[in-house]
Amino acid sequence: MVLNARLDHRNPLVFDTHELGRRPGAQQRLTRSIEAPGDLGIQGVIGVPEGAPVQLELRLESVMEGVLVTGTARATAEGECVRCLEPLEQELVAEYQEMFSYPDADDRGRVKAEPGDDAEDDEDRLFLEDGMFDLEAVLRDAVVLALPMQPVCQDDCPGLCSECGARLADDPDHHHDAVDIRWAALQGLAGSLEDGEKDEMSGAEPGVDEKQEK
């Protein structure tokens, strides 16, 4: 059983459902602007900076077993293009829906004779604590699902030059003269032969100096 123990109503991600009541079908809509908690996103890739504004919209609906929370989070995420390594910003819209169950109800909304029964069934469920719930875990999961695993500054970003690291988007005509490695050795040999010919043309005939001395 996942209980939201010791929830603080002053936490901006904690919401109170007492006004909603436990009458099935009752609904309540809420909007709230919060500061992003730390590490909201995909660590080392892209995410919402800590303290950045996040706009939350929620619809709370009372059902037999608890409160169904449906909503949207809007923020601006920051990261780095995986192709050209330039900083980027991306408007984030993350949608979420989660059921927060009453601690004294089973998955069919029936009151439990002894709370805590069926522990295995309760393992992955979220529960209300004193009529309140914490949205942080739900928000984190929604943001991760909404963000790209490999963000790019633009869909057709050409990336960086593999030889010199230049950003290709800044110079579409950027290129290097390619040399086929199969001919590199022959080009080196040709250069050596040319240098040898030049030396022969500029040098004196072998033996001339010896004849002159005689």
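Reader: Where does S101 sit, and what makes S101 count as buried?

Author: In this predicted model, S101 belongs to strand β7. Its relative accessibility is 3%, and the cut-off for buried is under 20%, so S101 is called buried. Leaving out residues up to four places away in sequence, S101 touches E65, G66, R125, L126, F127 and L128.

Reader: What makes β6 and β7 a pair of strands?

Author: Their bridges do. At least two bridges are needed for a pair, and β6 and β7 have 15, in the antiparallel sense. One example is L68, whose bridge partner in β7 is M99.

Reader: How do you know that β5 and β4 also pair with β6?

Author: The same kind of count answers this. For β5 and β6 there are 8 bridges, and the two strands run antiparallel; L56, for instance, has A73 as its bridge partner in β6. A hairpin of 3 residues connects β5 to β6. For β4 and β6 the count is 2 bridges, again antiparallel. Since at least two are required, the 2 bridges of β4 and β6 are enough for a pair. In this pairing, G47 has E78 as its partner in β6.

Reader: What is notable about L85?

Author: Its backbone. L85 is not a glycine, yet its phi is positive, at about 70°. Most residues other than glycine have a negative phi. L85 lies in the loop between β6 and β7, and the hairpin there has 6 residues between the strands.

Reader: Why is L85 called partly exposed?

Author: Its relative accessibility is 45%. That value is neither under 20% nor over 50%, so L85 falls in between and counts as partly exposed.

Reader: What makes D130 exposed, and what is its phi?

Author: D130 has a relative accessibility of 58%; exposed means over 50%, so D130 counts as exposed. Its phi is near 55°, a positive value in a residue other than glycine. You will find D130 in the loop between β8 and β9.

Reader: How do you know that the buried residues of α2 share a side?

Author: The buried residues here are V138, L139, A142 and V143. They cover an arc of only 130° around the axis, so they lie on the same side of α2. This fits a general rule: an α-helix has 3.6 residues a turn, so residues three or four places apart point the same way. On the other side of α2, D141 and L145 are exposed.

Reader: Which elements do the buried residues of α2 pack against?

Author: They pack against strands β2, β3, β5, β6, β7 and β8.

Reader: Which residues have the most contacts inside the largest nonpolar core, and which elements give two or more residues to this core?

Author: The core has 38 residues, and L56 and L135 are those with the most contacts inside it. Two or more residues come from each of β3, β4, β5, β6, β7 and α2. L56 shows how parts of the chain meet: among the residues it touches are L13, F15, L30, I34, A73, Y96, L135 and L139.

Reader: Why is the pair C153 and C157 not called a disulfide?

Author: The sulfur of C153 is 3.7 Å from that of C157, its closest cysteine sulfur. A disulfide needs the sulfur atoms within 2.5 Å, so this pair is too far apart for a bond. The structure holds 0 disulfides.

Reader: Are these two cysteines buried or exposed?

Author: They get separate labels. C157, at 5% relative accessibility, is under the 20% cut-off and therefore counts as buried. C153 has a relative accessible area of 30%, in between 20% and 50%, so it is partly exposed.

Reader: What does the whole chain add up to?

Author: The protein chain has 4 helices and 9 strands, in the order β-β-β-β-β-β-β-α-β-β-α-α-α from the N terminus. It has 214 residues, of which 31% count as buried. Its accessible surface comes to about 14500 Å², with 47% belonging to carbon and sulfur atoms. Among contacts between residues at least 6 apart in sequence, 64% join residues at least 24 apart.

Notes:
Residues numbered from 1 in each chain as written. Predicted model: local features only at pLDDT ≥ 70, side-chain atom pairs only at ≥ 80, totals over all residues. Heavy atoms only, no water. Core = buried A, V, L, I, M, F, W, Y, C linked by side-chain atoms within 4.5 Å. Buried < 20%, exposed > 50% of the residue type's maximum accessible area, 1.4 Å probe, protein only. Contact = heavy atoms within 4.5 Å. Areas by Shrake-Rupley, 256 points an atom, 1.4 Å probe, with all protein chains shown as cover. Arc of directions from axis to C-beta.
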